[in-house]
Amino acid sequence: FAKVSAAAAAAAADDAAAAANRTTTVAVPSRFFSRIGAVCELWARRPVVLLLAPTQAAFGVSAALLGYEVTGKLVKQAFGADAVLAGSLCSALVSAVAALLQPVSRAAAKRVGRPAVLLAALLSFAALAALVLATSDGLAAPAFVTVLPFYLLQGAGRAGYEGINKALYADTFGPTDSPAAFSNIVLANGAASAVAYFTFPSLGRHAMAYAAGTCAAVAIVGYIAAEVAIQRTPGGRGHPA
């Protein structure tokens with residue numbers, strides 16, 4: 001009898017675990033599709049979020065340009081056998097510059113406003129694209145000084161982007177719409193980064209630079225248009241129209 005009871009208990013436990021696993025499996029796509037639905041619903045109700053999407057794309061494409069063309073090609077050309085170490089150090093420099101400049105960007109935002117700081121970040125991404133476009137095949141020595149501006153520009157742009165972007169979304173869309181708005185950030189940035197990393201290997205340097213520069217230019221125009229729309233909308237910060 002004890003053996004039968006133990007077997008029945010084990011079977012019941014297995015059934016419960018299977019049911020929980022099925023529930024989890026169903027819940028994951030359910031949450032995914034509910035988030036996608038919230039994102040699309042926000043497009044229709046607060047179309048200003050679409051004007052802000054190019055800002056997210058510009059950051060992703062600029063990072064892809066730096067990684068593929070600068071770290072992947074120009075650094076190898078400049079440093080030769082030491083390219084892996086140099087590329088790692090330069091990539092770490094982007095994070096270091098961004099971390100150091102984020103307090104500066106926040107302080108500047110309090111003095112001149114968030115729009116000016118975010119526009120400066122987008123101009124940094126545009127300047128990086130222009131620098132790649134202007135770079136010749138033969139880099140001048142010393143190599144470190146030659147490649148340093150690329151990483152400084154990306155770090156400065158990232159500082160303004162990361163220091164201001166999420167706060168801007170939180171203020172604009174408020175607590176109710178912020179989850180869907182933040183999902184839009186992930187969607188636009190991730191899609192742009194994926195497209196860039198898949199297409200850049202088949203493009204030349206000039207085409208990549210033009211693509212990144214165009215994204216930055218569109219982002220600047222889109223952000224200015226978004227700010228105008230927000231300012232003209234009663235309760236535009238944190239409240240839907």
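This report covers confidence, helices, nonpolar cores, aromatic pairs and one buried asparagine.

**Confidence**

The model is predicted. Mean pLDDT for the protein chain is 83. A value of 70 or more is reached by 80% of the residues. Residues 23-27 are a weak stretch, with pLDDT under 50 throughout. The model gives this stretch 0 contacts beyond four places in sequence. Where pLDDT is low, the predicted coordinates should not be read in detail.

**Two helices by length**

Helix 3 and helix 6 can each be checked against an expected span. The rise used is 1.5 Å a residue.

| Helix | Residues | Number of residues | Expected span | Distance between end C-alpha atoms |
|---|---|---|---|---|
| Helix 3 | 83-112 | 30 residues | 44 Å | 40 Å |
| Helix 6 | 205-232 | 28 residues | 40 Å | 41 Å |

For helix 3, the distance agrees with the expected span. For helix 6, the two values also agree.

Helix 3 is bent. The bend is about 35 degrees and sits at L101. A proline, P103, follows within four residues. After helix 3 comes G113, with a positive phi near 100 degrees.

Which residues of helix 3 are buried? They are A83, A86, G87, C90, V94, V97, A98, Q102, S105 and A109. In helix 6, the buried residues include R205 and E227. Several alanines are buried there too, including A209, A212, A216, A219 and A226. Y223 and I230 of helix 6 are also among the buried residues.

**Nonpolar cores**

The largest nonpolar core holds 25 residues. L42, L52, L122, F125, Y169, F173 and Y223 have the most contacts inside this core. Two or more residues come from each of helix 2 (48-79), helix 4 (114-134), helix 5 (143-199) and helix 6. Helix 5 gives the largest share, 8 residues. Another core, of 24 residues, lies apart from this one. Its members include L65, A83, A129 and M208. Of these, A83 is a buried residue of helix 3, and M208 is a buried residue of helix 6.

**Aromatic pairs**

The model has 3 aromatic pairs. One of them joins F59 and F125. Their ring centres are 5.9 Å apart and their planes meet at 50 degrees, so the pair is tilted. F59 is in helix 2 and F125 is in helix 4, so this pair ties together parts 66 residues apart in sequence. Are these two rings buried or exposed? F59 counts as buried, at 14% relative accessibility. F125 is buried as well, at 1%.

F59 also pairs with Y161. Here the ring centres are 4.3 Å apart and the planes are at 15 degrees, so the pair is stacked. Planes under 30 degrees apart count as stacked. Y161 lies in helix 5 and F59 in helix 2, so the pair ties together parts that are 102 residues apart in sequence. Y161 is buried, with a relative accessible area of 6%.

Ring pairs thus link F59, F125 and Y161 into a cluster. Its members come from helix 2 and helix 4 and from helix 5.

**A buried asparagine**

N165 is in helix 5. Its relative accessible area is 2%, so N165 is buried. What does N165 contact, leaving aside its neighbours within four places in sequence? The contacts are T55, Q56, G160 and I185.

Conventions. Residues numbered from 1 in each chain as written. Predicted model: local features only at pLDDT ≥ 70, side-chain atom pairs only at ≥ 80, totals over all residues. Heavy atoms only, no water. pLDDT = per-residue confidence, 0-100. Contact = heavy atoms within 4.5 Å. Expected span 1.5 Å × (residues − 1). Buried < 20%, exposed > 50% of the residue type's maximum accessible area, 1.4 Å probe, protein only. Core = buried A, V, L, I, M, F, W, Y, C linked by side-chain atoms within 4.5 Å. Phe/Tyr/Trp six-rings, centres within 6.5 Å; stacked < 30°, edge-to-face > 60°. Bend = angle between axes of the 7 residues up to and from the residue.
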